[in-house]
Every structure is written in structure tokens, then in C-alpha cells.
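Welcome! Please take a moment to look over the sequence and the 3D structure, and then read on for a short guided tour.

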Amino acid sequence: MKVLVAYATKYGSTEGIAKRIAGTLAEQGLSVEARRVETVNDVREYDAFVVGSAVYIGAWQKDAIQFVERNQPVLSKRPLWMFSSGPISAHATDAQGRDVRVGAVRQEVADLKASLAARDHHVFFGALDRSKLRIGDRLITAMPVFPGSEGDFRDWNEIDAWSKTIAEELSSAPRPMAAVR
């Protein structure tokens with residue numbers, strides 16, 4: 001089974017998650033490629049997909065949205081998982097005790113998940129290194145209302161566990177029929 005882990009990243013945190021997912025899937029015996037969404041020309045050669053994006057102000061990156069919309073006919077007929085890299089915080093809950101990942105992504109991502117018949121959408125904590133930011137993003141993160149902190153909040157054990165559930169499901173799934181290609 002050939003799996004594509006496609007991702008949109010701005011500063012590299014989401015790329016790190018995507019490559020970790022791809023590595024874990026490969027360790028489980030799957031043939032895997034991790035690629036930026038803008039470098040993928042033909043998705044028909046893949047049997048399954050994991051698609052992820054960095055999240056800014058609750059939204060997936062434009063490249064990721066265009067990728068899934070453009071490839072919807074194939075993605076919706078094959079095993080698909082989605083992930084978002086978003087919250088940058090050492091705390092899993094906000095001041096009111098709510099899971100910060102629940103509100104981290106806008107409804108449009110849930111709508112994409114439904115329209116693509118994705119098996120899951122998981123929100124992972126991200127990372128922020130202000131020294132890598134462009135001036136506009138640096139100014140935004142300096143504002144007192146900015147909801148994040150500098151640091152790497154990715155939970156590699158959580159990412160590995162999620163990836164292993166994907167591998168288990170793919171290992172027990174029948175291969176897609178050639179007619180669907």
C-alpha cells in the first residue's frame with residue numbers, strides 16, 4: 001500500500017509533524033512519501049492519504065485547501081486522515097477549562113472532513129520560533145491578544161500513537177480496486 005502524507009507548512013512545524021507521521025507509517029511496513037501539497041501533481045498513484053496543514057487564526061493554509069478541493073474525487077474514495085498543527089501553548093485547556101484544540105480550527109475544516117469522508121481529523125499542538133518569523137507575523141505574535149507562546153509544543157508520542165492507528169487500519173483494509181483509479 002502506497003501512502004501520501006501531504007502537508008502545507010509556513011515555518012516548518014507542520015512539516016516536522018508530517019515527516020514524523022510518514023516515518024512512523026514506514027516503520028509499520030507501509031510505503032510512504034511525505035511531500036508539500038504544492039509538489040504533488042497526481043494523487044491517483046497513492047492508495048491512502050494523510051493531509052495536514054498549519055493553522056493560522058483557525059484556518060488551514062490556502063495551499064492545503066486548494067489541494068484537497070482539487071483532488072476531492074480521488075481523496076474521497078480512498079482512506080484519508082487529516083491533521084492540523086495549531087495551538088502553541090504549554091496548556092491543553094484555556095482559562096475556562098476548555099480543550100484549546102477544540103476551538104483551534106474553524107468549521108471549514110470540519111466541512112472538508114465531511115465532504116472528503118475523511119476517517120479522522122486530529123489537531124496537534126505546534127511550535128513557534130519567533131526568530132524564524134517574517135516581520136508581519138512577528139508583529140502579530142508580539143500583540144498582547146496573541147493566544148500562543150514561543151516554544152515547541154508538539155507531542156511526539158501523541159503523533160506516533162495516532163500514526164500507528166492509521167497503520168493498523170490500513171494493514172487490515174482491502175486494497176483499492178484498480179477501477180477506482
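Which strand is the place of His121? His121 sits in strand S6. Please keep in mind that this is a predicted model. The tour starts with His121, moves on to a pocket that His121 helps to line, and ends with two pairs of helices.

**His121 and its surroundings**

- Strand S6, which holds His121, covers residues 120–124.
- Ser84 lies 37 residues from His121 along the chain, yet their C-alpha atoms are separated by 7.5 Å.
- Setting aside neighbours within four places in sequence, His121 is in contact with Trp60, Met82, Phe83, Ser84, Val105, Val109 and Lys113.
- Val105, Val109 and Lys113 also appear, together with His121, in the lining of the second largest pocket.

**The second largest pocket**

- This pocket has a volume of about 170 Å³.
- Its lining is made up of Arg101, Val102, Val105, Arg106, Val109, Ala110, Lys113, His121, His122 and Val123.
- Helix H4 (107–116) and strand S6 (120–124) are the elements that give two or more residues to this lining.
- By class, the lining residues are 5 nonpolar, 2 polar and 3 charged.

**Helices H2 and H4**

- Helix H4, already met at the pocket, also has a partner in helix H2, which spans residues 62–70.
- The axes of H2 and H4 come within 11 Å and cross at roughly 20°.
- Angles under 35 degrees count as roughly parallel, so H2 and H4 are roughly parallel to each other.
- The crossing in which H2 passes H4 is left-handed.
- On the H2 side, Ile65, Val68 and Glu69 take part, and they meet Glu108, Leu112 and Leu116 in H4.
- The residues of this contact divide into 4 nonpolar, no polar and 2 charged.

**Helices H1 and H6**

- Helix H1 (residues 13–27) packs with helix H6 (residues 156–172) at an angle of about 45°, and their axes are 9 Å apart.
- That angle makes H1 oblique to H6.
- H1 and H6 have a right-handed crossing.
- H1 brings Gly16, Ile17, Arg20, Ile21, Thr24 and Leu25 to the contact, while H6 brings Trp156, Ile159, Asp160, Trp162, Ser163, Lys164, Ile166 and Ala167.
- Sorted by class, the contact of H1 with H6 has 8 nonpolar, 3 polar and 3 charged residues.

Terms used
Residues numbered from 1 in each chain as written. Predicted model: local features only at pLDDT ≥ 70, side-chain atom pairs only at ≥ 80, totals over all residues. Heavy atoms only, no water. 1 Å grid on protein atoms, 1.4 Å probe; cavity = no way out; pocket = protein on both sides within 12 Å on 5 of 7 lines; lining within 4 Å. Points joined across faces, edges and corners; volume = space filled by probe spheres on them. Helix = DSSP H or I, 4+ residues; strand = E, 2+ residues; numbered from the N terminus. Nonpolar A, V, L, I, M, F, W, Y, C, P; charged D, E, K, R; others polar. Axes fitted to C-alpha atoms, helices over the stretch in contact; angles between N-to-C directions. Parallel < 35°, antiparallel > 145°, perpendicular 65-115°, else oblique. Left-handed = near helix turned anticlockwise from the far one by under 90°. Contact = heavy atoms within 4.5 Å.
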